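Let's take a quick tour of one model, a piece at a time. Have the structure open as you read.

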Amino acid sequence: MSAKIKVYIAAGLLFVIGLGLTLYKNIELGFPLLPGNQQPVWTIEAEVNFTAVGDPVLVSLALPLDPPDISILDQDFASPGYGFSEKTADFSRRGMWSKRSANGEQSVFYRLDVHEKLGKRLETQTPPVKSTFEVDFLEPLKTAANTLTEKVRAQSASPHTFTAQLLLELNAEAPDQNVRLLRRQISNEDEFATLLVKLLSSEGIAARVVRGLRLEDGRRRQQLTTAIEVYDEGDWQFFNIETGVTGIPERFMVWQRGGRSLLEVSGAKNSGVYFSIVENFRGSKDIALQDKQSVEAALIDFSIYSLPLAEQNAFKSILLVPIGALVVVVMRLLVGLKTSGTFMPILIALAFIQTSLVPGVLIFLLVVGTGLIIRSYLSKLNLLLVARISAVIIVVILIMASMSVLSIKLGIDKALTVTFFPMIILAWTIERMSILWEEDGPKEVLMQGGGSLLVATIAYLCMTNRIVEHLTFNFPELLLILLGVILLLGQYTGYRLSELRRFKPMVDQAREQQKQNADDTKTTP
Amino acid sequence: MLTTPKQLRKLGILGMNARNVELIAAKNPRRLFPLVDDKLKTKMVAERAGIAVPKLLAVVDQESQVRNLPTTLAEHSQFAIKPSKGSGGKGILVITNREGDVFLKASGEAISMTEIQRHASNTLSGLYSLGGRQDVAMIEALVQFDPIFEKYSYEGVPDIRVIVYMGYPIMAMLRLATHESDGKANLHQGAVGVGIDLASGRALRAVQHGRPISHHPDTKNILAAIEIPHWERLVPLAAACYDVTGLGYLGVDIVLDRNLGPQIIELNARPGLAIQVANGAGMLPRVQRVDKLKEKVSDATRRAEWSKQSFGLLPPTVSAQKIGVIDPPC
């Protein structure tokens, strides 16, 4: 009995704290409870990694220069132990982090919150400064470049058409000898863009390299995409250097225009810069109040927003796991559904989030089905348990690999997401189902397999609900309430839904017997 | 399709959640579980306390002993191989006869020594065990089944499950294997459950798949005629298992040996709820009656007597006709 009271007290406390924190955040800090009427704010984090060798370190990173179609809400250069200064010159902006002496693996961070302005995408109209590139092709590249530009010039009428034609030539499936020679010199996007700018400059066309970021939620360790802009008739025109498509694409943030390289690091080696992107939704009012709020709330608010971006992305899915756990608890304790492995459905539901539901279910059935067939052969081979499970794991990986290869050949790229399924869990599922098949027959396999899929589907639907997603990420303190609910459910001693069916015959018989007894007493006197 | 919680409460039916929280969590201290989860330990403790159990022939606890099985089994033609930590009757291999290296399973299927060794090896690696942990295989003398059940059991081993609550037997059932259950005595696999009256040891009613039946589906014999022999010895034997284990909610599985009488084959710290369906009665009222007892009785025989008087429905002389499972005489 005392255990019961303890649970009630604990659950009550959790409710009060969870609800209190949620209301405080909602009312005092203005976090909206519902995702509606909100606008996306992209939080972008650039992480510069390098290995310092004990010398003075200077990191210089190009920063976005207030792009016209995107407004920067907040910026943060905090990197412990490093001095920071900002330099704006020649239509470019650079952040400089410096330290007298550093050793080992080092990272500096630059984080900014941006908000896409609605309306037409504008390209900058600043007229070009005189080209800084010296056109310095060496033989035999010079001849190749000249031949190419001559050919392109003959087929074009303006800087715009020249660029388009040039891209067509350079990206051709079957390039001619000159293009092949030029292409051999370039190994990445950056060099390709530089080559283009050089070729255009040699034609007297003003062009510049543009680097930017595709805004996609949940991206980690991203690199910038390189493109070029060409000045034509008083207007800078954006060209995708792979496809030749013009115009800045949707959800693309220009990080750097022209200028030097993206990152320069002196006094260290192995440097690199990676970008992480998270999309969060905030009310328009909050976006306006951004600056004031971040300062005020930083002390009291233990929001997930204070974590590095890569971790924020990880937490977005981690925070959904408790929702899945709640679904499992409800389905087990209140409904009485049998599943294969208690929490396996949550992991399957997490995989469904990546694959989306229908392809996910199909992939799951395909992998487990194929696995079961192969496993039934393995059971004839007389193997020890651990070896057999390991064999099943390898089989699962082979199935995944062949599914991926086959699907790409057939052009069904959705099946590539098979890699999001946890293979160890799949292997154990196959093993358990196979034993269940041998011992209890296929009916039980269908029951438990179906139960698992049903729970996984329900968990998936709950986890992908926009409101649930919004609440778990913005109000992690609701987890306390969830914990309280689960504690209370752990004390539930009532009947399960399945038991109402299981014991129904007993109730019917008891009723019949009662009727019969009543009849008997009527007839005996 | 569904009934209501109210109806179930009226019948005093114990649900799975209530069983887990109020009986298992509250009355079965976790530290006592290993004793019943490990059948080898149970057997040792029961033997020491003078409780009848089938004789242990050998223990296989290493792969090397799996290789030696032909020697170990050389003199035995009837035996059962069981995982020590098995659950739900999984991994029990019953051999009823052999001709050289060909063994006959209870189902009549012939298997080779290699297959027996594979079975033992699987058992060691934990295939049949709770949580897949490493295990040992026990080789037991085969119980010489009392022919009384021959008419009622198809292929398999009939056993009697008694639920013992705080030392008091509160409900009993006989489990009969069927063709459908593949010789296993598990109700959810299609075995027949026969509710047994605690006072007399006679059948109350029988169910298969939760529905009442009057005849065994394979042997076609009338189930209501069953009367379990040695009942007066069996109930105290079940009650005594409480003193050995200390578990408040205990399932005791008993088989009848032709020569030796009731033998405990397994104790279960998480006995299921199907017994209520077989008896057509809920367990809760009986649990509550035991809870109301003030006096603590340490003598198993006296507790068994109290149970018989309190929960018995049939006096030993009444014919089984009124029970409703057999057709009334014309």
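What follows covers a helix pair and then a sheet, in a model that is predicted.

## Two helices in chain A

Start with helix 2 of chain A, which spans residues 141–154, and helix 3 of chain A, at residues 159–170. Their axes sit 9 Å apart, and the packing angle is about 125 degrees. That angle falls outside the 65 to 115 range for roughly perpendicular and is not over 145, so the two helices count as oblique to each other. As for handedness, helix 2 of chain A makes a right-handed crossing with helix 3 of chain A.

Who's touching whom? On the helix 2 side of chain A you'll find A:Leu148, A:Val152 and A:Arg153. They meet A:Phe162, A:Gln165, A:Leu166 and A:Glu169 from helix 3 of chain A. Sort the residues of this contact by character and you get 4 nonpolar, 1 polar and 2 charged.

## The sheet in chain B

Now hop over to chain B, where 7 strands make up an open sheet with antiparallel pairing. Reading across, the strand order is 11-10-9-8-7-12-13. Strand 11 (211–213) and strand 13 (261–268) of chain B are the edge strands, each pairing on one side only. From one strand to the next, the twist averages 35 degrees.

## A closer look at one pairing

Within chain B, strand 9 (residues 192–196) pairs with strand 10 (residues 203–208) in the antiparallel sense, over 5 bridges. If you want a spot to zoom in on, try B:Gly195: opposite it stands B:Arg205 in strand 10 of chain B.

Note on methods. Residues numbered from 1 in each chain as written. Chains lettered and ligands numbered in written order. Predicted model: local features only at pLDDT ≥ 70, side-chain atom pairs only at ≥ 80, totals over all residues. Axes fitted to C-alpha atoms, helices over the stretch in contact; angles between N-to-C directions. Helix = DSSP H or I, 4+ residues; strand = E, 2+ residues; numbered from the N terminus. Parallel < 35°, antiparallel > 145°, perpendicular 65-115°, else oblique. Left-handed = near helix turned anticlockwise from the far one by under 90°. Contact = placed C-beta atoms within 7 Å. Nonpolar A, V, L, I, M, F, W, Y, C, P; charged D, E, K, R; others polar. Pairing = 2+ DSSP bridges.
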